[in-house]
Amino acid sequence: MTDLSITLHIDARSISVEPGVTVAAAIALAGGGVTRLSVHGHPRAPLCGMGVCQECRVTIDGRAHQLSCQTLCANGMHVLTASEGAA
Amino acid sequence: MKRYDILIVGAGPAGLAAAHAAATQGASVGIIDDNPLAGGQIWRGGPELQSDARAPQLWHALQRTDNVEFLLQTRVMYAPQPKQLLVQTPSSSATLSYEKLILATGARERLLPFPGWTLPGVTGAGGLQALAKGGYPLQGKRVVVAGSGPLLLAAAATLQAKGAQIVAIIEQANTPSLLRFGFGLLATPSKIAQALRLMAQLRGVPYLRDSYVHSARGDGTLQSVQVQRGAARGQETLQCDFLACGYGLLPNVELAQALGCATATRDAQTVVTVDEWQHTTVDGIYCAGEGTGVGGVDLALAEGHIAGLAASGQHAQAKALFAARASWQKFAGRLARAFALRAGLSALAGDDTIVCRCEDVCHGELRTHTGWRSAKLQTRCGMGPCQGRICGGATEILYGWRPDTVRMPISPTRIASIID
Ligand SMILES: Cc1cc2nc3c(=O)[nH]c(=O)nc-3n(C[C@H](O)[C@H](O)[C@H](O)COP(=O)(O)OP(=O)(O)OC[C@H]3O[C@@H](n4cnc5c(N)ncnc54)[C@H](O)[C@@H]3O)c2cc1C
Ligand code: FES
């Protein structure tokens, strides 16, 4: 039973997910899963899954440095990952 | 300013048990957690949905009391005054005041650097388990689960249930240690049942003992891992889409330290010092669960219960739980001994392996320093947003350094939260 009732925007894409899905998961569902670029420009993706490592930082609805592993998807949310230049 | 008789940080098993115990005594209770749902690490995604019957029972009991308030997606930053905490949500901040504070901040995974560990696709073992519980897509993916401790089995079982194909489980502990641990389980029959259930679920998955991940490779994202099999045998390459690699757990003691609570070193962990009532060295502040030493859900529940009762003045009732706590403390000791980390793990990082992921500081830049403080000042190691939470556990194994001070705020804070 899948209820893809939440639609959000990740970079230039739209994606629909079930309730209870985190933004980190939605980013992976939408493509590569890369969240930020390191200070030397290397791609990074979620590591700890629990709000400690800060590797999953993205910009959500204009707020930078949000932890995508600890944020649930919401309808109409706008997420920017490193591929759009946010860190 | 909102005021609570008892404020609890952490809505995992310890925090929920403490909240329940305190609320039954009539106290007004606030319970804070940075996750969007209660449950902590083991009951991630909500206690009401767990198969462990204690989780929904606790949850429903808490829902029936009207003196418990949940503050979710709320992170504790620092204490502006004694008996006050400044907290931050994704959009706002607030100061909360309390009479008694119970810290139930749990544990995190110890992650160790090896060549390739910054490649997307490499995560912690509990890390990938947590991500999977939040809907991370693993259907049909090949996953190597590696590191040390019983969490590897729990993580592998969760990942498999989410559709992943577990290539192998790689445990660094050797066979004699594992056998000793297995026999020790006779003292805690419920753990035997749990182990048997996990083993049945993972039937057919190779469990490589005395082995560890040497390096991870891939072009842009992870493609394969090199595994060292024992000391005598050579290396083996395993193709995979994910490597979930964690070397046991480390107590989250930063908030306690920032509030002035004393810590000690026990079983190679920094733990918050508590007395028999779970009371720390700071008046009115208690600590329960993994923060006082990693011991699993049963110990966390017993300690949380004791802390909640003690903080609300019910010492006689709390005493009735001392025997249960003592038995789970023994289990925790056996756990720490069986899965003690082998020396070879500190030799995996090459000079160009990143140790501090926030600031991209490599092993070659760090290994010549004599301590955490000089390394931090000269390389920025540990100065990034994770504030040494990840590299601190690594530099301890690599160089024997322990982070010396906890900076306030304990997490990256918005300027507005501080100056408001
Ligand atoms: C990633 C991971 C996965 C695990 N999976 C399993 C498993 O499958 N099976 C098993 O038996 N054991 C598992 N464990 C072990 C498990 O942690 C313990 O058995 C149990 O959850 C301990 O309960 P606790 O209440 O002490 O802490 P936790 O359950 O860790 O709860 C602590 C809570 O406090 C919150 N917190 C911490 N600091 C702050 C702060 N400053 N502000 C706000 N909130 C904060 C945390 O986000 C967390 O929700 C896992 C551990 C980890 C780290
Ligand atoms: S994955 Fe580590 S903070 Fe989100």
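## Close-up views of a predicted two-chain model

**Figure 1. Contacts along chain A.** Among contacts in chain A between residues at least 6 apart in sequence, 38% join residues at least 24 apart. The model shown here and in the other views is predicted. Chain A is built from one helix and seven strands. Their order along the sequence is β-β-α-β-β-β-β-β. Two strands therefore come before the helix, and the run after the helix is made of strands.

**Figure 2. Overall dimensions of chain A.** The C-alpha atoms of chain A fill a box of roughly 40 × 25 × 20 Å along the principal axes. The radius of gyration is 12 Å. A compact globule of 87 residues would have a value near 12 Å, so chain A agrees with that expectation. Buried residues account for 55% of the 87 in chain A.

**Figure 3. Surface and charge of chain A.** Chain A has an accessible surface of about 3,600 Å². Carbon and sulfur atoms hold 54% of that surface. The chain carries 5 positive and 6 negative side chains. The centres of these two sets are 11 Å apart.

**Figure 4. His65(A), a residue with positive phi.** His65(A) is not a glycine, yet its phi is positive, at about 60 degrees. The residue sits in strand E6 of chain A, which covers residues 63–67.

**Figure 5. Fold and dimensions of chain B.** Chain B contains 14 helices and 21 strands. Its radius of gyration is 21 Å, close to the 22 Å that the globule rule gives for 420 residues, so chain B is as compact as a globular protein of that length. Along the principal axes, the C-alpha atoms of chain B fill a box of roughly 60 × 50 × 35 Å. Of the 420 residues in chain B, 57% are buried. Contacts between residues at least 6 apart in the sequence of chain B join residues at least 24 apart in 63% of cases.

**Figure 6. Surface and charge of chain B.** About 16,700 Å² of chain B is exposed. Carbon and sulfur atoms supply 53% of this area. Chain B has 38 positive and 30 negative charges. The mean positions of the two groups lie 5 Å apart.

**Figure 7. The largest nonpolar core.** This core has 46 residues. Phe114(B), Ile170(B), Val225(B) and Leu243(B) have the most contacts inside it. Elements of chain B that each give two or more residues include strands E9 (142–148), E10 (165–171), E12 (211–217) and E13 (224–229). Strands E15 (242–247) and E20 (354–356) are also among them, as are helices H12 (372–379) and H13 (391–399). H13(B) provides the largest share, four residues.

**Figure 8. Surroundings of Leu243(B).** Neighbours within four places in sequence are left aside in this view. Leu243(B) is in contact with Phe114(B) and Val225(B), both listed with Leu243(B) among the residues with the most contacts inside the largest core. Further contacts of Leu243(B) are Gly121(B), Val122(B), Thr123(B), Val144(B) and Ala146(B). Val213(B), Ala216(B) and Leu222(B) complete the set.

**Figure 9. Another nonpolar core, with residues from both chains.** A core of 43 residues lies apart from the largest one. Chain A residues in this core include Ala26(A), Ala28(A) and Cys56(A). Leu198(B) is one of its members from chain B.

**Figure 10. Ala268(B), a residue with positive phi.** Ala268(B) is a residue other than glycine with a positive phi, near 60 degrees. Ala268(B) is placed in the loop between strand E17 (263–266) and strand E18 (269–272) of chain B.

Methods: Residues are numbered from 1 along each chain as its sequence is written. Chains are lettered from A and ligands numbered from 1 in the order in which they are written. This is a predicted model: local features need pLDDT of at least 70, side-chain atom pairs count only at pLDDT 80 or more; totals for chains, interfaces and linings use all residues. Side-chain values use heavy atoms; hydrogens and water are left out. The radius of gyration is taken over C-alpha atoms; the globule rule is 2.2 Å times the number of residues to the power 0.38. Buried means under 20% relative accessible area, exposed over 50%, partly exposed in between (1.4 Å probe, protein chains only). Contact means heavy atoms within 4.5 Å. Accessible areas come from the Shrake-Rupley method with a 1.4 Å probe; for residues, only the protein chains shown count as cover. Lys and Arg count as positive and Asp and Glu as negative; His and the chain ends are not counted. The place of a charge is taken as NZ of Lys, CZ of Arg, CG of Asp or CD of Glu. A nonpolar core is a set of buried Ala, Val, Leu, Ile, Met, Phe, Trp, Tyr and Cys residues joined through side-chain atoms within 4.5 Å.
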